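Here is a guided walk through a protein model, taken one region at a time. Keep the structure open and turn it as you read.

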Amino acid sequence: MKKIISKLFGVFSDDLGIDLGTSNTLICMQNKGVVLNEPSVVTVYSRGKKMYDVGENAKKMLGRTPANFETIRPLRNGVIADYEVTADMLRAFYKRVSSNRLFHSPRVIICVPAGITQVEKRAVMEVTREAGAREAYLIEEPMAAAIGVGINIFEPEGNMIVDIGGGTSELAIISLGGVVNKSSFRTAGDRFDTAIIDYVRQKHNLLIGEKTAEEIKIQIGRVVALEEGEEDSSIEVSGKNLLNGLPKDITLVSSELIETLSSLVQEIIEEIKVVFEKTPPELAADIRRRGIYVTGGGALLRGIDKKISAGLNLKVTIAEEPLNAVINGINVLLNNFSTYSKVLISTETDY
């Protein structure tokens, strides 16, 4: 079966790889690399949920739509929350990457969370086919991330990947081309955003939206104390005053958010410890020598490598392209399918 799958993939040059994330959807094309990177956001007409816009344009409408429109994220916590809207979103993205060329029903590899259920696997595959794919295959996010950061996943050595995405964080210990231990949990980018919203509301009596919270996280998010001589970064924030309902501006500094965000990173550290408890000693020794690789948008939080390293007494390496580690891994798979086909967690024949 592997030879048949490899042959089928090899004869088509328009195979696609998709990192279908809660925050962003990235698409790569065989022999072309990443061809699309857009927010996983859709604006629909309130009646009938017919799509109005998608991606970056839709994200700009978050919190700004009139009654006859609704801007939604069709994926929540790493899985599909709205089947029809997700299919429409993927279909729109397919059209963008296939513009001005003959492009019919590609075969697609989709990245999914490590803790995905069989029902959720089926939903992802079906929505991908509904959007126009001829065949759909799945790979777990931490495995794709490991390939993307350049790890030789087939050697008999343990490697640990911590992928901190928008909806979920994915932990996995990988050896001999397989996942030995894994965990998928919801302490991730969306939780960081919610924590910032709660802090600003409680500390400054200011109500802000998800988009503003995300901008705060990106601009000044920090999880360790400032070093001697390091300047505290700041950002101007606008929102609604909870005391009188009027617009209000405040200035936030990064040191304000350390305690709030650091407590969430501590949850990630505790989950890593749980995974280690179930890990064979030889693999644990390998990781002790090699350290941990951190990918995903959460890897960009200032000081997160130092926080995790101090909590575990291990070396922590942030991937060179943390936001693109997963899609880079899928791209490697597309272009070397015969080598990496065994890492797929399911195929069409499973159903």
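**A walk through the model**

Let's start with a single residue: Glu 38 is buried, with a relative accessible area of 16%. Before going further, keep in mind that this is a predicted model. The side chain of Glu 38 meets that of Arg 96 in a salt bridge, with 3.2 Å from N to O. Arg 96 is partly exposed, at a relative accessible area of 34%. In this pair, distant parts of the chain are linked: Glu 38 sits in strand E3 and Arg 96 in helix H3 (residues 83-97), 58 residues apart.

Strand E3 takes us to a sheet. Five strands make up this open sheet, in the order E3-E2-E1-E9-E10, and the pairing is mixed. Which strands stand at the edges? They are E3 (33-39) and E10 (135-140); each has a single partner strand, so one side of each is left without a neighbour in the sheet. From one strand to the next, the twist averages 20°.

Now look at the pair E1 and E2. Strand E1 (residues 16-20) and strand E2 (residues 24-29) run antiparallel to each other and pair over five bridges. To find one spot on this ladder, pick Asp 19: its bridge partner in E2 is Leu 26. Two helices pack on this sheet as well. Helix H4 (residues 118-130) touches strand E9 (107-112) and E10, and its direction makes about 140° with that of E10. Helix H5 (residues 141-148) also touches E9 and E10, but its direction makes about 80° with that of E10.

There is another sheet to visit. Three strands form it, again as an open sheet, in the order E5-E4-E6 with antiparallel pairing. Strand E5 (51-54) and E6 stand at its edges, each with a single partner strand, so one side of each has no neighbour in the sheet. Here the twist averages 20° from one strand to the next. Strand E4 (residues 42-45) and E6 are joined by four bridges and run antiparallel; within that pairing, Val 44 has Glu 70 as its bridge partner in E6. Helix H3, which we met through Arg 96, packs on this sheet: it touches E4, E5 and E6, and its direction makes about 55° with that of E5.

Next, some aromatic rings. A pair of rings is described by the distance of the centres and the angle of the planes. A search of the whole structure turns up four aromatic pairs. One of them is Tyr 45 with Tyr 52, an edge-to-face pair at 5.7 Å centre to centre and 80° between the planes. Are these two buried or partly exposed? Tyr 45 counts as partly exposed at 33% relative accessibility, and Tyr 52 is partly exposed too, with a relative accessible area of 41%. Together with Phe 69, Tyr 45 and Tyr 52 form one aromatic cluster.

Back to charges. Side chains of opposite charge can pair when their charged atoms come close. The count for this model comes to 19 salt bridges. Arg 73 and Glu 210 make one, their closest N and O atoms being 3.7 Å apart. Arg 73 lies in the loop between strand E6 (69-72) and strand E7 (75-76), while Glu 210 is in helix H7 (residues 210-220), so the pair ties together parts that are 137 residues apart in sequence. Arg 73 is buried, with a relative accessible area of 12%, whereas Glu 210 is partly exposed at 39%.

Arg 222 and Glu 230 form another salt bridge, with 2.5 Å between the closest N and O atoms. Arg 222 counts as buried at 7% relative accessibility; Glu 230, with a relative accessible area of 35%, is partly exposed. Elsewhere, salt bridges that share partners join Glu 155, Glu 157, Asp 286, Arg 289 and Arg 290 into one network.

Finally, the inside. In soluble globular proteins, nonpolar side chains tend to be buried together. The largest nonpolar core here has 43 residues, and Ile 272 and Ile 292 have the most contacts inside it. Helix H8 (residues 254-277) gives the largest share of this core, nine residues. Among the residues Ile 292 touches are Met 160, Val 162, Ile 272, Phe 276 and Leu 312. A second, separate core has 31 residues, including Leu 90, Ala 92, Val 97 and Ala 133.

Definitions and conventions: Residues numbered from 1 in each chain as written. Predicted model: local features only at pLDDT ≥ 70, side-chain atom pairs only at ≥ 80, totals over all residues. Heavy atoms only, no water. Pairing = 2+ DSSP bridges. Axes fitted to C-alpha atoms, helices over the stretch in contact; angles between N-to-C directions. Contact = heavy atoms within 4.5 Å. Core = buried A, V, L, I, M, F, W, Y, C linked by side-chain atoms within 4.5 Å. Buried < 20%, exposed > 50% of the residue type's maximum accessible area, 1.4 Å probe, protein only. Salt bridge = Lys/Arg side-chain N within 4 Å of Asp/Glu carboxyl O. Phe/Tyr/Trp six-rings, centres within 6.5 Å; stacked < 30°, edge-to-face > 60°. Lists of a residue's contacts leave out its neighbours within four places in sequence.
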